[in-house]
Amino acid sequence: MPSLKDIKTQINSVGSTKKITSAMKMVAASKLRRSQEKAEAARPYSSRLEEMLSSLASSAASGEGIIKLLTGTGNDKNYLVVPVSADRGLCGGFNSSINKETFKLVKSLESNGKNVQIMPVGKKSRDFFNRVMKDQILESFVDLNVSTTGYESALNISNKLQDLYFDEKFDKCILVFNKFKSAISQEVTQQQLIPLDISNSEKKEQKETSSNAIYDYEPDEETILKDLLPKNVSTQIFKVLLESDAGEHGARMAAMDNATRNAGEMIDSLTLKYNRTRQAFITKELIEIISGAESV
Amino acid sequence: MAKIFFDLVSPENLIFNDQVGMIILPGKDGDIGILPGHSKIISSLRPGRVMVYGEDKTLLKSFFVSGGFAEINPEKCIVLAESVNEMSDLDKSSIETEIQTLEANNKDDVEDKIYIARKKIEAIDSKFY
């Protein structure tokens, strides 16, 4: 049986862990609010851009150069997978679900005879893929701090991606990220970034065709499209980074909330054990005294 | 006089959203003045000044945009800009030092930044507005 002192130390250590986790929960909650506001503020830009793009996209035939971002290279051989994870842990299954999903995706693409390369964003997925498929990592981005650096960080990734794309290093680029559903739930989502997948927005477009039909374009449709496509890539990445950031804080908040609750339960059961042990000692001592007195 | 809705949006937030009398945009092929009831246009923008006027043609605000797009219809004008500064926040001497530091480190991507910084100075010096 453990001594009273052992139990007391255990209770104390669980108590201080509980303090830390509840503090982390508070921090995550306030960060979540801030990054949610950021994600909210970024929405008008990306939705406008998407609308413009969908009204223009129909006019683009196949072409060379930048238009390739929309039409694709015509090949379907080389894939680039970009998992977006957090830089820090202690946020439940947030990072591991990204890594697992990406791993599965890479394996299934490979079994279909595709070449797959990986460009992890965030320390946790970089570390993971450094262990399991080191030779397939093309480049990695860590310490982005999207909430402080803002659009600049998305621009870096997008420029790198486009450089690689126009060097014909890959034909298709797929993002794997946590979509922010609510403060407590995230959904692992795959999104094809290059070539642009406009099938989602196409339905919307059909409704609006009547109002969208007669726009003048200045200088002309093709020039605008050439300006618009690279911007759209960076905007999409920015949106994903913000969502993932908000999701990370949400996941951490939920995980820390759980941890705090578990610590509380553990303290309760340890306290019960402590009291029982103390009572057992007292009873034992009483018996000793009484039996000692009797024998005199 | 009629009014037109004007939205100025950057990737990070919504910067301006109100009804105004007139807007002047730096279109790629030349400046565009927009009054209520303008025909439908989608245009790309060059780096330059976006001027916002009230109904009585007084200058309400002026911004510097580093390029972007504008969507205009009779009721509304939406500008999507990559980076937006209010003209009053721009300081000529600090931009000049920025250009110098950019020129000092020879990377591929600084050219665009230098170009935009030069345009900022041009916009500050410009007397036409």
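This passage describes the nonpolar core, the contact between chains A and B, and selected helices and strands of a predicted model.

The largest nonpolar core of the predicted model contains 88 residues, among which V81(A), V82(A), V84(A), L241(A), C77(B) and V79(B) touch the most other members. To this core helix α8 of chain A, which runs over residues 221–295, gives the most, with 16 residues. Within chain B, the surroundings of V79(B) comprise D7(B), L8(B), V9(B), L25(B), V50(B), G68(B) and A70(B), when residues up to four places away in sequence are not counted.

The contact between the two chains draws 23 residues from chain A and 21 residues from chain B. On the side of chain B that touches chain A, at least two residues are supplied by each of the strands β5 (41–45), β8 (68–73) and β9 (76–81) of chain B, and β5(B) gives the most to that side, with four residues. In character, the residues of this side of chain B divide into eight nonpolar, six polar and seven charged. Strand β5(B) also takes part in strand pairing across the chains, since strand β5 of chain A (residues 216–218) and β5(B) pair in the parallel sense over three bridges; in this arrangement Y217(A) has I42(B) of β5(B) as its bridge partner.

Further pairing is found within chain B, where strand β3 (residues 22–27) is joined to strand β4(B) by a hairpin through two residues. The strands β3(B) and β4(B), the latter formed by residues 30–34, pair in the antiparallel sense over five bridges, with I24(B) standing opposite G33(B) in β4(B). Strand β3(B) pairs with β6(B) as well, again in the antiparallel sense and over three bridges, and here I23(B) stands opposite V52(B) in β6(B). In a regular strand, side chains alternate between the two faces of the sheet.

The loop between β6 and β7 of chain B holds D56(B), a residue that is exposed because 7 other C-beta atoms lie within 10 Å of its own, where exposure requires 12 or fewer. Although D56(B) and M22(B) are 34 residues apart along the chain, their C-alpha atoms are separated by 9.3 Å.

Helix α2 of chain B comprises the 16 residues 110–125, which at 1.5 Å a residue should span 22 Å, and the distance of 23 Å between its end C-alpha atoms therefore agrees with that expectation. The residues A117(B), K119(B), K120(B) and A123(B) of α2(B) are buried, and because they cover an arc of only 155° around the axis, they lie on the same side of the helix. This buried set in α2(B) packs against β6 (48–53), β7 (59–65) and α1 (92–104) of chain B, whereas the face of α2(B) turned away from the buried side carries the exposed residues E111(B) and D125(B). Strand β6(B) thus appears in two settings, as a partner of β3(B) in antiparallel pairing and as one of the elements against which the buried residues of α2(B) pack.

In chain A, helix α4 (residues 123–132) likewise contains buried residues, namely K124(A), S125(A), R126(A), F128(A) and F129(A). The elements of chain A that cover the buried residues of α4(A) include β1 (78–83), α3 (94–111) and β2 (115–118).

Conventions
Residues numbered from 1 in each chain as written. Chains lettered and ligands numbered in written order. Predicted model: local features only at pLDDT ≥ 70, side-chain atom pairs only at ≥ 80, totals over all residues. Core = buried A, V, L, I, M, F, W, Y, C linked by C-beta atoms within 7 Å. Buried ≥ 20, exposed ≤ 12 C-beta atoms within 10 Å, placed from the backbone. Contact = placed C-beta atoms within 7 Å. Nonpolar A, V, L, I, M, F, W, Y, C, P; charged D, E, K, R; others polar. Pairing = 2+ DSSP bridges. Expected span 1.5 Å × (residues − 1). Arc of directions from axis to C-beta.
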